[in-house]
Amino acid sequence: MTTLVADAPVSFPITAGLPPRPAYVTLPETGFEEPLDPVRQEILDLVHRFARDVLRPEGTALDRLTPEEMIAPGSAYWSVIKRHRALGLEAVAEAGLSPGDAVDLASMISEELGWGDSGLAIALGAGGLPRQMATRWGRQDLLDAFPDTLLGSWGITEPTAGSDMLDWERAVGHPSGDFGRPSMIATLKGDKVVLNGQKSAWVSNGVTADFCALYTTFDRGHGREGIVIYVSLNQPGVTRGKPLDKMGQRAVPQGEIFFDNVEVPTRFIAAGPNQYADAVHDILCEANAGMGTLFVGVARAAYEHALAYAHERKQGGVPIIQHQNVRYRLFQMMRRTEAARALARRVARFNALSGQRALHASIASKVTCTQTAFDVASDALQMFGGNGMTKAYPLEKLLRDARAALIEDGCNELLAIKGGSLLVDPGKL
Ligand SMILES: Cc1cc2nc3c(=O)[nH]c(=O)nc-3n(C[C@H](O)[C@H](O)[C@H](O)COP(=O)(O)OP(=O)(O)OC[C@H]3O[C@@H](n4cnc5c(N)ncnc54)[C@H](O)[C@@H]3O)c2cc1C
């Protein structure tokens, strides 16, 4: 026990276990993340280089092209798809990782791609989504029929049924609502499914994809039913609309797909009428959670740009980082990004590892992370002052890209009502 004697010279103890405070903590790109094992770090470094050296510059260049130029042969859109395929990320599943490590790595990869360019990341994600779902559902036959050399798409929304197709079980739709006739109908003719009608102009890769995981209304005279069928888009009767000229995520080409008496073998049905609602649930679980991790990358990109700019830009005779409100704003951006990241990763883990897939968890991730991306991009743009408004700087594009995400894969407000409906325990009503 130390006794202190008044007026005696004090000898202060040095406590060996007390760590000195660091002068500066360099946060890893993955945020407040414990160091990764070498296998995951190597894969993540590879994806980061691809995001930095390919997605970011090419996404910026594609953003300035007309939609027609964007999808023309020789456009960087096509080379990005090839270079992404060459990374071989589908093989990550065989890297011998534990299930928890594998799901975390998938979240980090998604964030990196979104950090590079969200439009291209969505094009790559939508391109691979049908195979991802076929893998989940154990449909090797579909994987064989639609190999990874083909570009995929997911067609569910229609001109007359946008939110309505995503709310198949009517968790949000008004009980007295008349939903009218869908824009697209599948019927049965022998061992063929016959497709007539169209999907909306919003199908990602709709104008470029080789095939589509088509979610459509099915009419066999039993009332409202649906099926999921994998359809080649390079066959007679399929035509495409003009590529859409839109505000954000311009690097993902979108446009209508029309079907005129298109016949598809019934063996390409991935979910019949009895499983249709399950298939909508499952793909929304996947897509919404994927939107969450991807748009954490957009928030991070905006925050990093703002942090760098705050050290460069001088006003009031000093770099603006010296101003208190700039530090305050940066902290809020970092805090929000990290909170969104934590949620996105937890949701991905819960859905992969808990034995239950909660759509409200995926929706919580999608709504939180896309809103965070938009808010952080908006704050970052504010920090750039007038420069934020110009194409010479990256912020106006990030803001446009993030804005699209509030609608994509379901308007956030509709998803939130749907999420609330999923909290209702029917057993307690
Ligand atoms: C960048 C991007 C990528 C996309 N990618 C794809 C894709 O790959 N495949 C695909 O099939 N689709 C895709 N979409 C389409 C997207 O899913 C739809 O745009 C979205 O679901 C909304 O549908 P809508 O545009 O028809 O709007 P509407 O459904 O017409 O909604 C209009 C407004 O009404 C509100 N609303 C609608 N219904 C209700 C309700 N019941 N209760 C309360 N409010 C309601 C909505 O919140 C919204 O504010 C994409 C969209 C974007 C922007």
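**Ligand shell and helix packing**

Let me start at the ligand. A nitrogen atom of the ligand sits 3.0 Å from a backbone N or O atom of W202. Keep in mind that this is a predicted model.

Two side chains join in. In T157, a side-chain N or O atom lies 2.8 Å from a nitrogen atom of the ligand. In S163, a polar side-chain atom is 2.6 Å from an oxygen atom of the ligand. How much of the ligand does the protein bury? Taken alone, the ligand exposes 980 Å², and the protein buries 72% of that.

Now the shell as a whole. There are 22 residues around the ligand. Which come nearest? They are W154, T157, S163, Q254 and E413. So much for names; next, character. The shell around the ligand holds ten nonpolar residues, nine polar ones and three charged ones.

Where in the fold do shell residues come from? Three elements each supply at least two of them: strand 1, residues 154-155; helix 7, residues 163-166; and helix 12, residues 412-422.

Let's move on to the helices. Two packed helices are described by the angle between their axes and by the distance between those axes. I have three pairs for you.

Pair one is helix 8 with helix 10. Helix 8 covers residues 276-312, and helix 10 covers residues 359-383. Their axes come within 7 Å and cross at roughly 20°. Angles under 35 degrees count as roughly parallel, and helix 8 and helix 10 are therefore roughly parallel to each other. Helix 8 passes helix 10 in a left-handed crossing. What sort of residues make up this contact? In the contact of helix 8 with helix 10, 21 residues are nonpolar, seven are polar and one is charged.

Pair two brings in helix 4, residues 99-116, against helix 8. Here the axes are 7 Å apart, and the packing angle is about 50°. That makes helix 4 oblique to helix 8. The crossing of helix 4 past helix 8 is right-handed.

Pair three keeps helix 4 and swaps in helix 9, residues 324-353. The axes of helix 4 and helix 9 come within 9 Å, crossing at roughly 135°. Helix 4 is therefore oblique to helix 9. Helix 4 passes helix 9 in a right-handed crossing.

To recap. The protein buries 72% of the area that the ligand exposes when taken alone. Helix 8 runs roughly parallel to helix 10. Helix 4 is oblique to helix 8, and helix 4 is oblique to helix 9. Thanks, everyone.

How values were computed:
Residues numbered from 1 in each chain as written. Predicted model: local features only at pLDDT ≥ 70, side-chain atom pairs only at ≥ 80, totals over all residues. Heavy atoms only, no water. Axes fitted to C-alpha atoms, helices over the stretch in contact; angles between N-to-C directions. Helix = DSSP H or I, 4+ residues; strand = E, 2+ residues; numbered from the N terminus. Parallel < 35°, antiparallel > 145°, perpendicular 65-115°, else oblique. Left-handed = near helix turned anticlockwise from the far one by under 90°. Nonpolar A, V, L, I, M, F, W, Y, C, P; charged D, E, K, R; others polar. Near = heavy atom within 4 Å. Polar contact = N/O pair within 3.5 Å; in protein donor to acceptor, adjacent residues only side chain to side chain. Areas by Shrake-Rupley, 256 points an atom, 1.4 Å probe, with all protein chains shown as cover.
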